[in-house]
Amino acid sequence: ERAPSAEVVAYEREIPPDDTLVATLCKSARGEWARLWQSGEGSSARKIEPEATRTPARAPVPKQKTQRPQAAGGAGPMAFVPRKMVLGSDARRSEQMVSSRAADASVEETAPARDHWDAITARYIWPDGLDLACGAAEAAEGEEPFFSWTETATEVCLSASTRRGLRPGDLSLEVSGGSGEVLIDGLPTPWRGLFSGKVDPDRCEVRVVPQEGAEADKLELRLLKADGRYWRAPFKEMLATVNDQER
């Protein structure tokens with residue numbers, strides 16, 4: 001094998017070392033990253049420990065210098081040795097990953113809002129253009145609901161059938177800012193519990209509305225709102241059922 005000439009040896013000594021590509025990522029929050037990419041890519045990356053925690057490295061084992069590859073015909077060494085950069089070397093796979101992440105992001109943006117927040121504890125604004133909202137208590141199939149209600153921007157009115165001849169003195173209403181109950185003959189009724197909004201206690205009332213020719217009279221409970229919001233149901237315990245009906 002022919003030994004390289006003095007000119008070739010001098011040229012090899014002047015070849016600069018490989019450059020290093022440095023990418024600096026500024027964290028938005030403190031903490032150690034378990035890996036560089038969430039997708040698991042970058043397995044060829046090497047984590048460099050800080051100087052304070054870095055373990056002493058072993059003494060390097062001297063490597064035997066190898067001769068650079070010769071050009072065709074043995075005319076001399078090659079002036080450029082191509083090296084593949086690992087990061088971003090597979091352009092087609094990188095484009096597939098970017099497209100996949102973009103598709104996942106578009107799906108998340110169009111996800112229903114009810115899957116990301118608690119509709120029961122939310123406070124609804126009264127919808128523009130809505131004059132009256134109606135609802136009824138849950139009942140078994142084939143049976144009439146125990147009571148129904150109507151709602152406007154200013155009040156919620158509950159209605160139920162009651163015995164004929166019920167006198168105003170037989171009724172009692174106890175209301176605070178956010179709860180209340182109706183008593184008949186001093187006994188509790190299903191109209192009791194936490195309201196879905198705030199009321200004005202001094203303006204709420206319960207009354208009997210006689211129904212001529214009917215088998216029963218009508219009992220009404222009027223709750224005057226203090227917050228002007230959309231309740232969707234008179235009592236908070238009924239909101240879960242309303243949510244299921246609206247889905």
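This passage describes the fold, the open sheet and the aromatic contacts of a single protein chain.

The model is a predicted one. Its chain contains three helices and ten strands. Read from the N terminus, the elements follow the order α-α-β-β-β-β-β-β-β-β-β-β-α, with two helices ahead of the strands and one helix after them. Of the 247 residues in the chain, 21% are buried. The exposed surface of the chain comes to about 19500 Å², and carbon and sulfur atoms contribute 52% of that area. Among contacts with a separation of 6 or more, 56% involve residues 24 or more positions apart.

A convenient place to begin is the sheet. Strands of a sheet pair through backbone hydrogen bonds, in either a parallel or an antiparallel arrangement. Here, five strands make up an open sheet in the order E2-E3-E4-E9-E8, with antiparallel pairing. Strands E2 and E8 (205–209) stand at the edges with a single partner strand each, so one side of each is left without a neighbour in the sheet. From one strand to the next, the twist averages 20 degrees.

Strand E3 offers a good view of how this sheet is put together. On one side, E3 pairs with E2 in the antiparallel sense over four bridges, and Ser148 of E3 is the bridge partner of Ala136. E3 also pairs with strand E4 (residues 155–162), again in the antiparallel sense and over four bridges. In this second pairing, Glu151 stands opposite Val156 in E4. The connection from E3 to E4 is a hairpin of three residues. The two faces of E3 are also distinguished by their cover: Trp149 and Glu151 belong to the covered face, whereas Ser148 and Thr150 belong to the uncovered one.

Trp149 leads on to the aromatic residues, as it forms one aromatic cluster with Phe146, Phe147 and Trp191. Within the structure there are six aromatic pairs. One of them brings together Trp126 and Tyr230 in an edge-to-face arrangement, 5.2 Å centre to centre and with 85 degrees between the planes. This pair links distant parts of the chain, 104 residues apart: Trp126 is in the loop between strand E1 (124–125) and strand E2 (133–136), and Tyr230 is in strand E10 (residues 229–230). Trp126 and Tyr230 are both buried.

Another edge-to-face pair is formed by Phe147 and Trp191, with 5.9 Å centre to centre and 90 degrees between the planes. Phe147 is in the loop between E2 and strand E3 (148–151) and Trp191 is in strand E7, so this pair ties together parts that lie 44 residues apart in sequence. Both Phe147 and Trp191 are buried.

What surrounds Trp191 beyond its neighbours within four places in sequence? Its contacts include Leu158, Ser159 and Ala160, as well as Gly180, Glu181 and Val182. Leu219, Glu220 and Leu221 are also among them, as are Phe147 and Phe235. The C-alpha atoms of Trp191 and Phe235 are 8.5 Å apart in space, with their positions 44 residues apart in sequence. Trp191 itself is part of strand E7 (residues 187–194). With a relative accessible area of 3%, Trp191 counts as buried because that value falls under 20%.

A charged residue also meets an aromatic ring in this model. Arg232 lies over the face of Tyr124, at 4.3 Å from the ring centre.

Notes:
Residues are numbered from 1 along each chain as its sequence is written. This is a predicted model: local features need pLDDT of at least 70, side-chain atom pairs count only at pLDDT 80 or more; totals for chains, interfaces and linings use all residues. Side-chain values use heavy atoms; hydrogens and water are left out. Buried means under 20% relative accessible area, exposed over 50%, partly exposed in between (1.4 Å probe, protein chains only). Contact means heavy atoms within 4.5 Å. Accessible areas come from the Shrake-Rupley method with a 1.4 Å probe; for residues, only the protein chains shown count as cover. Rings of Phe, Tyr and Trp (its six-membered ring) pair if their centres lie within 6.5 Å; planes under 30 degrees apart count as stacked, over 60 as edge-to-face and the rest as tilted. A charge sits over a ring if NZ of Lys or CZ of Arg is within 6 Å of the ring centre and within 35 degrees of the ring normal. Two strands pair if DSSP finds at least two bridges between them. Axes are lines fitted to C-alpha atoms, for helices over the stretch in contact, and angles run from 0 to 180 degrees between N-to-C directions.
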